[in-house]
Amino acid sequence: MDLPTEPASPEPVPADLISPELLARLTAGEEAAWFEFVQEYEGRMYGYLYRLEGNSEDALDLTQEVFYRAWRSIRTFRPGERVLPWLYQVARNTQIESHRRKQLQRFSLEQAREDVGFEVTSEKRSPVQAAESADAQDRVQRALLRLPPEYREAVVLRFVEDLSYDEIAQVQGVALGTAKSRVFRAKEQLAELLAGVSDVN
């Protein structure tokens, strides 16, 4: 007679999975659901964009545009997919297009919000930002802005936003090896620029 075996421990569930119920509410355009969604993720998006832009006003504007675009494209979100990699992809595309538009007419976010009914209400800081002293944060930000854009984005996604290399490759639209190489080279350059200010592991 076989002895009963203990059930296997369940795999940890990523914190950024959307429940089918919430996804249905978001897809239906329910305002309360969108406020809940924005409040949950606006701090992460703002922190990510601030690291890339180095300017709080631009980062806040882009964060608002990210959620407008997310609202417009939520039907492309696949059930069971993690939210953050999808949002980072939206944010990356938003930032790239914003820089292109600076040579043309700037996107009117105020017009966009008239159709949506929600907006980012505060400049939330990520836990990493909050933990750093003001001086150290400023020096880290200056160092980040000296990196090539693709390196800066890769290292922020890895060490600030805690994405896996597979997810970074997905967000940046490159091969896994390229994503790893970018993070490695960014770490090397940051180590030289910071000279002991930050311990990037």
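A salt bridge, for our purposes today, is a side-chain nitrogen of Lys or Arg lying within 4 Å of a carboxyl oxygen of Asp or Glu, and the structure in front of you, which is a predicted model, holds eight of them.

Before I go through some of these pairs, let me say how confident the predictor is. The protein chain averages a pLDDT of 77, and 72% of the residues score at least 70. There are stretches to treat with care: over residues 103-124 the pLDDT is below 50, although that stretch still has 42 contacts in the model beyond its near neighbours in sequence. Over residues 196-201 the pLDDT is likewise below 50, and here the model has eight contacts beyond near neighbours.

Now to the salt bridges themselves, beginning with E30 and R25, whose closest N and O atoms are 2.8 Å apart. Are these two residues buried, exposed or partly exposed? E30 has a relative accessibility of 32%, and because the partly exposed range runs from 20% to 50%, it counts as partly exposed; R25, at 23%, is partly exposed as well. This pair does not stand alone, since R25, E30 and E36 are linked in a network of salt bridges.

The next pair is E65 and R69, whose side chains meet in a salt bridge with 3.0 Å from N to O. Where do these two sit relative to one another? Both belong to helix 3, and because they are four residues apart there, about one helical turn separates them. As a general point, an α-helix has 3.6 residues a turn, so residues three or four places apart point the same way. Their surroundings are worth comparing too, because E65, at 5% relative accessibility, counts as buried, whereas R69, with a relative accessible area of 22%, is partly exposed.

A third pair joins R78 to E81, with the closest N and O atoms 3.6 Å apart. Here R78 is exposed, with a relative accessible area of 55%, while E81 is buried, with 16%.

Another glutamate to look at is E167, which has its place in helix 9. E167 is buried, with a relative accessible area of 12%, and, if we do not count residues up to four places away in sequence, it touches R82 and P85.

Let me turn from the charged residues to the nonpolar ones. The largest nonpolar core has 49 residues, and those with the most contacts inside it are I18, L26, F37, M45, Y48, L87 and Y88. Several helices give two or more residues to this core, among them helix 1 (20-27), helix 3 (56-73), helix 4 (83-101) and helix 10 (176-194). Which element provides the largest share? That is helix 2, from which 11 residues of the core come.

To see how one of these core residues is surrounded, please find L87 on the structure. Leaving aside its neighbours within four places in sequence, L87 is in contact with F37, Y41, M45, V66, F67 and A70. One of those partners, Y41, brings us back to helix 2, for it is at Y41 that this helix bends by about 45°. Helix 2 is followed by G54, whose phi is positive, near 75°.

If you take one route through the model afterwards, you could start at the bend at Y41, and then look at L87, which is in contact with Y41.

Notes. Residues are numbered from 1 along each chain as its sequence is written. This is a predicted model: local features need pLDDT of at least 70, side-chain atom pairs count only at pLDDT 80 or more; totals for chains, interfaces and linings use all residues. Side-chain values use heavy atoms; hydrogens and water are left out. A nonpolar core is a set of buried Ala, Val, Leu, Ile, Met, Phe, Trp, Tyr and Cys residues joined through side-chain atoms within 4.5 Å. Buried means under 20% relative accessible area, exposed over 50%, partly exposed in between (1.4 Å probe, protein chains only). Contact means heavy atoms within 4.5 Å. The bend at a residue is the angle between axes fitted to the seven residues ending there and the seven starting there. pLDDT is the predictor's confidence in each residue, from 0 to 100.
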